[in-house]
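Please open the model in a viewer and keep the selection panel at hand. The stops below proceed from the ligands to the sheets.

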Amino acid sequence: MIALDVQTTTRQVFVNIAPWMRIVFFIMITASMLVMAWQLEKRRRLWRTGERPGFTRDWRVWLQRLTVYALAQKRVHKKSLGALLHLLLSSGFIVLAIGTTLLAIAYDGPYYFHHGWYYLIYEVTLDIFGVAFCLGCLLALYRRAWSKPPSLGHNWRDWWLLSCLLAIGLTGFLVEALRIHFTQVQPWLAHWSVIGWAIDVTFLRGLGLKTAQNLHLASWWVHAILVGAFFVTFPVNRFLHTLTGPLNIATRPKRPMGALAPLTMAEVEESGRTGVAELRNFTQSQLLSLDACMECGRCEDACPAFASGKPLSPKAVVVDLRDLMSLGGGNVHETIRDETLWACTMCQACVQECPVLIGHVDLISDMRRDLIGEGRLSGPPAKALQQIGNQANPYGRSNTDRLAWAEGLDVPTVESNPDFEYLLWVGCAASFDSRAQKIARATAQLLQQAGVNFAVLGREETCTGDPARRIGDEFLFQERAQTNIETLGRRKVKKIVTPCPHCHNTIKNEYPQFGGQYEVQHHSALLAELIAAGRLPNESKNDDEGPITLHDPCYLARVNGETEASRQVIGAAHDPEYREMPRCGKKTFCCGAGGGRMWFDEAPEQRVSKLRATEAVATGAKTLATACPFCLNMMTDGVAGTPGAEEMKVMDISELLLSRQAK
Ligand code: SF4
Ligand code: SF4
């Protein structure tokens, strides 16, 4: 008997709504959607003021990114109140929106499919996700009222948005319960509308049918008006990110995290500037990305510049630029101060954390390029650039001293060993800085001990241009890149190994932009391979090393995803005393040297290295290992004077491994 009922079961759409009311409803909803479309078009026109499109147009990339970052929401932390409420709200909203659209299609379309098992499953599904939606709204309201993280953006529009959404959800359930009550739906059928039925049997038992019908009509109108108001305000509140977020995720430029966009002379001629001075100098893709920000604050929480008290918040950069866009554009330097732009270490932590894939580093880099073009940099970093231009290294040393570090080691050069397998790219720091030179020595000695066929370029090696590009001198970088690519071609280089993560990143990810393609390894990877092949013993550590902790360099771990090799080199897996810092691996914390900050003067209390040294000390380690000459110097500086770090040694992984060979 029930089986027969199931086949024919359905409910009347617009029950209790007079025909003239339906017309008013359709006019109201159409008008509110037109207002929404008009406001969205105004935003689109603002994005279109960008000088070039800059979008990725590969639909396979769109699909892959939308699956990972929009549907699976990979960047949203899995164990937090914010993540839970976001999951409830977004899943509820998506299912309710799909359900309402299906109902409209069934009602207005040629084929009425809203009956039978489809209808029953529809009812129960929408009720379950309706609960998720209301719960998400309640948790979001609670979080803003009583548990708001400092970095979470907040204004009065958020109260409106969440209250409006919650009211839409609650009135939806009320309408359902009153309909069940006054139409006297059979109990077995009402059970499928589980929440409406529960409200009916709990609260509406003694309610007269006529009263229920009148209340149904009133609640239906409140629900409908709220939906119309939501459409009208959608483009001017945080909910806009549900559209712009996926758009930005899908279409943002496709480049390795460690590669900045090359600037061409044609672009300079087009804009008349070297970089971004006016908001319209950004690409359309970058302007769209500003509207994708939901002010969640994840970027700010991860930012070492912000944490160390510098005048930079990546969230504020995005929000300030968005506000400038809303005003119709203007000069970015009147909104973003020079000190803010120079404070960035380009560690990419903000980019890694952003759920909607906003490219803060690209924004900052583009504005830095303009500052350089306008000559607005002075002091030590300006001198470093000058020295890269004049002496081909930021230390201002003669390139004839490039092999000073190798004294007494009989290191083969490309001239003495032209049939080398690996080119050891030493890098400027390990070539010229007296402390970092020990890394070059240790690496070369280890390669010699393992019988690796390698050579160095000697005086033919010049700065990769990494500091120039990150400070903002793009054409100085390109000059260095082209010279080096020419040298590497002339010397028929195929495999490169380097102890510097910045050289590693630039040669691997940025030289291909100019035709330089090589197999590039960080020394940690090659040393780990040699250990695994039994060519370098690494059985036990020295007594004086004590407990070890590892500082992962940003451009090795976060930017290039290489975290295991360094641990293999120091034998972390077999060392019961090994300590991991809370921020480790791909989620490492900067040392403060990147983005050219190595050459900026810093007040001691604003040093990122101090924060990192404090974390290292808290592990109880006696040796702080690292895998980058810049990190080595910054952490040596950070450890000095940090309470509890009096006994702490800072060493490169190659130095540790070499000291174990000598046992
Ligand atoms: S790159 Fe690093 S320092 Fe720069 S804004 Fe992002 S998190 Fe902050
Ligand atoms: S830029 Fe990204 S991470 Fe930062 S507040 Fe906006 S959405 Fe959140």
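Begin by selecting α13 (298–302) and α15 (314–326), each of which supplies at least two residues of the shell around ligand 2. The model is a predicted one. Of these elements, α15 gives the most to the shell around ligand 2, with three residues. Now display the shell itself: 15 residues lie around ligand 2, and C293, C296, R298, C299 and C354 come nearest. Colouring the shell of ligand 2 by residue class gives 10 nonpolar residues, one polar and four charged.

Move next to ligand 1. Which residues come nearest to ligand 1? They are C303, P314, C344, C347 and C350, out of 15 residues around this ligand. Select α14 (304–307), α17 (349–353) and α18 (360–373) as well, since these are the elements that give two or more residues to the shell around ligand 1. By class, the shell of ligand 1 divides into 12 nonpolar and three polar residues, with no charged residue.

Leave the ligands and turn to the open sheet of four strands, whose order is β2-β1-β3-β4 and whose pairing is parallel. Select β2 (454–455) and β4 (519–522): these strands stand at the edges with a single partner strand each, so one side of each has no neighbour in the sheet. Helix α25 (residues 523–532) packs on this sheet, where the helix touches β3 and β4. The direction of α25 makes about 80° with that of β4. Within the sheet, select strand β1 (residues 422–424) and strand β3 (residues 495–498), which run parallel and are joined by three bridges. One pair to label is Y422 and its bridge partner in β3, K495.

The last stop is strand β6 (residues 623–626). Strand β5 (residues 548–551) pairs with β6 in the parallel sense over four bridges, and L550 has A625 of β6 as its bridge partner. Strand β7 (residues 649–652) also pairs with β6 in the parallel sense, over four bridges. Here T626 has D652 of β7 as its bridge partner. To follow the connection, select helix α28 (residues 629–639): the chain passes from β6 through this helix to β7 in a right-handed β-α-β crossover.

Finally, show the side chains of β6. Are its two faces covered or uncovered? Both are covered, with T623 and A625 on one side, L624 and T626 on the other, and all four buried. In a regular strand, side chains alternate between the two faces of the sheet.

Definitions and conventions:
Residues are numbered from 1 along each chain as its sequence is written. Chains are lettered from A and ligands numbered from 1 in the order in which they are written. This is a predicted model: local features need pLDDT of at least 70, side-chain atom pairs count only at pLDDT 80 or more; totals for chains, interfaces and linings use all residues. A residue is near a molecule or strand if its C-beta atom, placed from the backbone, lies within 6 Å of it. Ala, Val, Leu, Ile, Met, Phe, Trp, Tyr, Cys and Pro count as nonpolar, Asp, Glu, Lys and Arg as charged, and the others, Gly among them, as polar. A residue is buried if 20 or more other C-beta atoms lie within 10 Å of its own, exposed if 12 or fewer, and partly exposed in between; C-beta atoms are placed from the backbone. Two strands pair if DSSP finds at least two bridges between them. A crossover is right-handed if, with the strands pointing away from the viewer, the path from the first strand over the helix to the second runs clockwise. Two residues are in contact if their C-beta atoms, placed from the backbone, lie within 7 Å. Axes are lines fitted to C-alpha atoms, for helices over the stretch in contact, and angles run from 0 to 180 degrees between N-to-C directions.
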